[in-house]
Amino acid sequence: MHIFFTMLEDIKNVMSSKRLNSDSNTPQAFVQDLKTGKLSEVKIDSNFLFGRAKQSSIVIEELYISRSHSTISYANGQFFLEDNNSFTGTYLNYKKISNVKVQLQNGDLIAYTDRSNTWEYLYKFCLSNSKKKPRLDEENAALKDNKLLKLKINKLQALINELKQENKESIHNARFAMSNVKKLINKSTELNKNLKDKTIELQIQNRELIKKLNISSEQCEKLKESLDTKTAQDEEPIEIFKTQINRLLENDFQCSICNEVMLRASTANCNHTFCESCLNKWLSKSKLCPVCRSIVHNTTYCLALDNYITNLCDILGGTIKEQRTALQRESKYF
């Protein structure tokens, strides 16, 4: 099928060759994808755009490619390449160009990479100048084109007979592709189900944690009541109790990232708990838990645990209570 349409295109080119302006000195330029061999024409009356946007001349669907990444433009008989302030940059002959227009030469390589220097996307700039020919040469070329046209018309009849067989093969390939698509859909459905099951499991774990925190909170209230009762009799047990609470805060409710008492405690799916801001900063650099090194898929803000820690600080009073109140006030503004 591809050969058939190629032959038709060649015939169109031959039939329209007399209408071409042979006196034009306007250069013709193309961009060739070195992976597929596909040629894309670079027009002189509009910009040639590389980018992730659908309206781009060459669409590169990669996250590190900007929507309007770089542009080829034509001016004063020359073609120029310009980077459009992209994040990963544009490379000409494997060298990164700055945000200025660089003149293109025939054979130049235009490359894009995600900073791993794998050069997955490589394009070759092809330039050819049409020159004026004598009229006799044009007539001879026309005769040759006519002969070629007759030969190609004869071949078309044979190609038409081959199209039926190619059509059968295309149908077979299409069915094979549909089978692969169905397999991918089934796999995606299974992954989605696993994700939902994991989410439900995490929700159950979170509920259990909240129950434990509620029990601990009740115990803390009882300890507080007991402390209030004993305060009138003896102040020494109060200090012992405060010391125990300090140890509890330092040992059980200390963030492993900042080594301070947790503020807005957030629990990862691996059940390790940190400050919400510390965990967000950590995950912006690494998706691994800083304690067990497992992959963190999601986090949950534990309101009950945060309130429990605040209650402990309120019991201690003094500097610890003031510091936590100030930190809570600052976190609301950020």
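Start by selecting residues 255–293, the stretch that an unreviewed UniProt entry annotates as "domain: RING-type". Keep in mind that you are looking at a predicted model. Colour this stretch by secondary structure: 26% of it is helix and 18% is strand. Now click on the C-alpha atoms at its two ends, and you will find them 16 Å apart.

Next, select E260, V261, L263, R324 and L327. What do these residues have in common? Among the 22 residues that line the second largest pocket, they lie nearest its centre. The volume of this pocket is about 540 Å³.

Which helices should you highlight around the second largest pocket? Try α3 (236–252), α4 (276–285) and α6 (318–333), since each supplies at least two residues of the lining. Then leave α6 selected on its own: with six residues, α6 gives the most to this lining.

Now colour the lining by residue type. Ten of its residues are nonpolar, six are polar and six are charged. If you wonder how such spaces are found, rolling a probe the size of a water molecule over the atoms shows where empty space is left.

Finally, zoom out and select the whole protein chain. Following the ribbon, you can look for six helices and 14 strands. Of the 334 residues in the chain, 28% are buried. Switch to a surface view: the chain exposes about 23,200 Å², and carbon and sulfur atoms supply 52% of that area. To end, turn on contacts between residues at least 6 apart in sequence; 46% of them join residues at least 24 apart.

Terms used
Residues are numbered from 1 along each chain as its sequence is written. This is a predicted model: local features need pLDDT of at least 70, side-chain atom pairs count only at pLDDT 80 or more; totals for chains, interfaces and linings use all residues. Side-chain values use heavy atoms; hydrogens and water are left out. Helices (H or I, at least four residues) and strands (E, at least two) are DSSP runs, numbered from the N terminus. Buried means under 20% relative accessible area, exposed over 50%, partly exposed in between (1.4 Å probe, protein chains only). Contact means heavy atoms within 4.5 Å. Accessible areas come from the Shrake-Rupley method with a 1.4 Å probe; for residues, only the protein chains shown count as cover. On a 1 Å grid over the protein atoms alone, a cavity is a set of points where a 1.4 Å probe fits but cannot get out, and a pocket is an open set with protein on both sides within 12 Å along at least five of seven lines; lining residues have an atom within 4 Å of a point. Grid points are joined across faces, edges and corners, and a volume is the space filled by probe spheres set on the points. Ala, Val, Leu, Ile, Met, Phe, Trp, Tyr, Cys and Pro count as nonpolar, Asp, Glu, Lys and Arg as charged, and the others, Gly among them, as polar. UniProt positions are given in the numbering used here, feature names are shortened, and annotations may be inferred rather than shown by experiment.
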